[in-house]
Amino acid sequence: MNVPSDLRYTRTHEWARLDGGVLTVGITDFAQHQLSDLTYVELPKVGDEVGAGDEVAVVESVKAASDIYAPCGGVITEVNAALPDRPDLINRDPYGEGWIFKVRPASADEFDALIEPDEYEELLPGSEG
Amino acid sequence: MSARAFFLELPLPFSEGVELQERLVEARARGDIPDTVLFLEHAPVVTLGARGRTEHLKLSRDELAARGIELAPASRGGDVTYHGPGQLVMYPILKLGEREADAHGYLFNLEEVGLRTAADFGVQAWRRPGLNGIWTEAGKLAAIGFRIRRWVTMHGMSFNVDPDLGGFQAIFPCGLREPVTSLRALLGGRCPALSAVRDRMAVHFGAVFQRPLAVRGGNPMP
């Protein structure tokens with residue numbers, strides 16, 4: 001599984017990238033693989049106030065539905081408007097074009113409280129099995 | 001803690017199955033219980049998945065009720081399906097990501113359990129890319145739809161052993177205009193008892209998911 005080293009992670013398989021005080025959030029390669037080909041994405045609304053661990057989005061494949069959680073508390077500043085028409089972007093490019101929403105954290109240390117890449121990698125099953 | 005299986009004997013109303021699963025998912029996410037797999041049969045019900053479309057119903061709620069079939073929403077992925085006695089339903093409540101086998105993907109593993117179970121009774125079945133369930137030359141033998149909450153799974157697979165296939169005539173299963181089949185339709189008098197299929201499915205589940213199942217009696221909730 002691809003786990004980029006410049007991101008932080010959650011135990012519920014979201015990733016977050018810090019840029020200018022705002023976190024960009026998506027789901028990890030592991031998560032998109034478990035769900036298979038996504039067919040539907042329900043996004044949060046810009047301006048929504050969320051708490052850490054809140055359910056903020058839903059993704060669905062032909063066979064699966066899964067909740068996406070806020071990695072930190074804060075305000076939603078942007079959503080990926082391309083996703084409703086192109087949910088497959090999450091499968092194709094989970095760490096890039098498949099980003100889901102941006103959130104401005106309530107406090108600056110929220111990013112540092114997330115899981116480091118090497119620690120996240122240890123949470124994942126190996127690719128042999 | 002090793003994984004547990006519960007064999008529920010009564011046909012369970014669908015809504016009670018959902019309530020039980022929701023409580024198990026919460027308990028599993030908190031770490032209060034180990035991975036748990038329910039095997040059961042439902043009372044007759046047509047369920048609509050999260051994206052399920054009512055135009056895939058051929059009968060109204062009242063017409064279904066007149067046939068003794070409930071209509072219920074389901075939070076799983078997938079479209080519309082039928083459950084009823086004679087169909088083996090497997091609901092895994094699993095925390096994903098805790099075994100090497102999970103790297104194959106949950107869906108792949110569920111399908112694998114269904115394929116191996118069918119093979120045990122001499123039925124060759126296969127996957128069809130992009131379509132729900134497992135398939136045979138006579139049509140779809142098992143349907144799959146699941147939900148993941150806090151990375152714990154619910155819903156799962158329904159495998160047609162010897163259900164009233166007439167129940168499927170109330171719907172376009174999964175929104176597809178494709179035939180549905182059962183072990184009874186494929187094997188006739190050689191169709192195994194549902195309990196025999198359940199026992200084999202539990203064994204295959206343990207192997208495929210690397211979670212050997214200890215069969216328990218009583219209430220799945222602590």
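**Exercise 1. In which sense do strand β3 and β4(B) of chain B pair, and over how many bridges?**

Before solving this, note that the model is predicted, that local features need pLDDT of at least 70 and side-chain atom pairs pLDDT 80 or more, while totals for chains, interfaces and linings use all residues. Residues are numbered from 1 along each chain as its sequence is written, and chains are lettered from A and ligands numbered from 1 in the order in which they are written.

Step 1. Strands (DSSP runs of E, at least two residues) and helices (H or I, at least four) are numbered from the N terminus, and two strands pair if DSSP finds at least two bridges between them.

Step 2. Strand β3, residues 45-48 of chain B, pairs with β4(B) in the parallel sense over four bridges, and within this pairing B:V46 stands opposite B:L71.

**Exercise 2. Place this pair in its sheet, and find the helix that packs on the sheet.**

Step 1. The open sheet has three strands of chain B in the order β4-β3-β5, with mixed pairing. Because β4 (70-73) and β5 (80-83) of chain B each have a single partner strand, they stand at the edges and one side of each lacks a neighbour in the sheet.

Step 2. Neighbouring strands are turned by 25° against each other on average, direction ignored, where axes are lines fitted to C-alpha atoms, for helices over the stretch in contact, and angles run from 0 to 180 degrees between N-to-C directions.

Step 3. Helix α1 of chain B (residues 14-30) packs on the sheet and touches β3, β4 and β5 of chain B, its direction making about 25° with that of β4(B); contact requires C-beta atoms, placed from the backbone, within 7 Å.

**Exercise 3. Describe the surroundings of B:V46.**

Not counting residues up to four places away in sequence, B:V46 touches several residues, including B:L57, B:L64, B:I69, B:V80 and B:I171.

**Exercise 4. Describe the side of chain B that touches chain A.**

Step 1. Here 27 residues of chain B are in contact with 23 residues of chain A.

Step 2. The elements giving two or more residues to this side of chain B are α3 (106-120) and β9 (139-149) of chain B, and the largest share, six residues, comes from β9(B).

Step 3. Strand β7 of chain A (residues 64-69) runs parallel to β9(B), joined to it by three bridges, and A:A65 stands opposite B:R147.

Notes. Two residues are in contact if their C-beta atoms, placed from the backbone, lie within 7 Å.
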